[in-house]
Amino acid sequence: MNTSLPLSDSIAEPVGESRQAGASLVEAVLFLVIVAVILIGVFALFSGAFSSSKVQTEMSYVQTLAGDVESLYATNHDYGTADITATLTSTKDAPSPMIVGATMVNSWGGQVTVTGASTVFIISSAGIPQKECIQLAQISINPVAISINGTAATLPLTVAATTAACSSATSNTIAWSLR
């Protein structure tokens with residue numbers, strides 16, 4: 001006696017249900033678009049956070065560097081008129097992440113120099129992107145004077161003046177004169 005069912009009866013589907021073998025092309029494209037939008041959003045979020053982190057780091061380095069120069073010249077406060085950068089790098093009196101060989105660099109790879117100007121010293125930082133220049137120029141290190149891209153700025157700095165002065169999209173220079 002044959003107890004097996006005919007082949008057509010064993011794979012019959014219930015009435016009202018349909019089977020789909022895979023996703024359609026429209027669904028696949030929609031999935032890829034959603035993933036792309038999410039990835040772009042995540043990248044923008046991390047990029048903005050990373051930029052802000054660099055500004056905070058650089059602010060800390062400039063403040064530390066100013067304190068280091070003041071400590072180095074604490075006995076007489078006569079900074080001379082020469083480049084102090086080599087002294088700061090050879091004695092390791094600058095923040096160590098800034099020191100690259102006998103030079104100093106900022107968070108964007110731009111050159112940082114410290115020069116004496118008699119009773120003041122000047123910290124100059126080059127290669128700063130525009131958005132970061134606007135933020136960095138306004139740090140509270142109480143400069144005697146500040147110059148952005150070679151032009152003296154009026155203290156206290158306003159956001160409008162700083163925005164106008166930080167005119168290059170990729171390479172601005174800030175010079176703080178300090179006592």
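## Exercises on a predicted fold

Strand 4 and strand 7 are antiparallel partners, paired over six bridges. The model is predicted. The exercises start from this pair and work outwards.

### Exercise 1. Strand 4 and its neighbours

Task: find which residues stand opposite each other where strand 4 meets strand 7, then describe how strand 4 pairs with strand 3.

Solution.
- Step 1. Start with Ile-128. Its bridge partner in strand 7 is Asn-172.
- Step 2. Move to Ile-122. Opposite this residue, in strand 7, stands Ser-177.
- Step 3. Turn to strand 3 (111-117). Strand 3 and strand 4 are joined by six bridges and run antiparallel.
- Step 4. Pick one bridge of that pair. Val-114 has Ile-123 of strand 4 as its partner.
- Step 5. Look at the turn. The hairpin of strand 3 and strand 4 has two residues between the strands. There, Ser-118 takes a positive phi near 70°.

### Exercise 2. The whole sheet

Task: give the order of the strands in the sheet and name the edge strands.

Solution.
- Step 1. Count the elements. The protein chain has five helices and seven strands.
- Step 2. Read them from the N terminus: α-α-α-β-β-β-β-α-β-β-α-β.
- Step 3. Now place the strands side by side. The sheet is open, holds seven strands and has the order 1-2-3-4-7-5-6. The pairing is antiparallel. Strands of a sheet pair through backbone hydrogen bonds.
- Step 4. Find the edges. Strand 1 (99-100) and strand 6 (151-153) each pair on one side only.
- Step 5. Follow the sheet from strand 7 towards the strand 6 edge. Strand 5 and strand 7 are antiparallel and share four bridges. Ala-145 has Ser-177 of strand 7 as its bridge partner.
- Step 6. Finish at the edge. Three bridges link strand 5 (residues 145-148) with strand 6, again antiparallel. Here Ile-146 is matched with Ala-153 of strand 6.

### Exercise 3. Covered or open?

Task: decide how many residues of strand 4 and strand 7 are buried. Use the cut-off of under 20% relative accessible area.

Solution.
- Step 1. Take strand 4. Seven of its nine residues are buried, so the rest of the structure largely encloses this strand.
- Step 2. Take strand 7. Six of its seven residues are buried, and the strand is mostly covered.
- Step 3. Set this beside the whole protein chain. Of its 179 residues, 31% are buried.
- Step 4. Add the surface. The accessible surface of the protein chain is about 11000 Å². Carbon and sulfur atoms make up 62% of that area.

### Exercise 4. The nonpolar core

Task: name the residues that touch the most other members of the largest nonpolar core, and say which element gives the most to this core.

Solution.
- Step 1. The core has 34 residues. Leu-65, Val-114, Phe-121, Ile-123 and Trp-176 touch the most other members.
- Step 2. List the suppliers. Helix 2 (25-72), strand 3, strand 4 (120-128), helix 4, strand 5 and strand 7 each give at least two residues.
- Step 3. Pick the top supplier. Helix 2 gives the most, with seven residues.
- Step 4. Zoom in on Phe-121. Leaving out residues up to four places away in sequence, its contacts include Ala-66, Val-69, Tyr-79, Ile-84, Val-114 and Trp-176.
- Step 5. Look at the rings. Tyr-73, Tyr-79 and Phe-121 make up one aromatic cluster.
- Step 6. Widen the view to contacts with a separation of 6 or more. In the protein chain, 66% of them join residues 24 or more positions apart.

### Exercise 5. The disulfide

Task: find which cysteines form the disulfide, and decide whether Cys-133 and Cys-166 are buried or exposed.

Solution.
- Step 1. There is one disulfide in the structure. Cys-133 is joined to Cys-166, with an S to S distance of 2.0 Å.
- Step 2. Check the hand. The angle about the S-S bond is -65°, and the link is left-handed.
- Step 3. Place both ends. Cys-133 sits in helix 4 (residues 130-136). Cys-166 sits in the loop between helix 5 (159-165) and strand 7 (172-178). They are 33 residues apart, so the pair links distant parts of the chain.
- Step 4. Test the cover. The cut-off for buried is under 20%. Cys-133 has a relative accessible area of 0%, so this residue is buried. Cys-166 is also at 0% and therefore counts as buried.

Technical notes: Residues numbered from 1 in each chain as written. Predicted model: local features only at pLDDT ≥ 70, side-chain atom pairs only at ≥ 80, totals over all residues. Heavy atoms only, no water. Disulfide = S-S within 2.5 Å. Buried < 20%, exposed > 50% of the residue type's maximum accessible area, 1.4 Å probe, protein only. Contact = heavy atoms within 4.5 Å. Areas by Shrake-Rupley, 256 points an atom, 1.4 Å probe, with all protein chains shown as cover. Pairing = 2+ DSSP bridges. Core = buried A, V, L, I, M, F, W, Y, C linked by side-chain atoms within 4.5 Å. Phe/Tyr/Trp six-rings, centres within 6.5 Å; stacked < 30°, edge-to-face > 60°.
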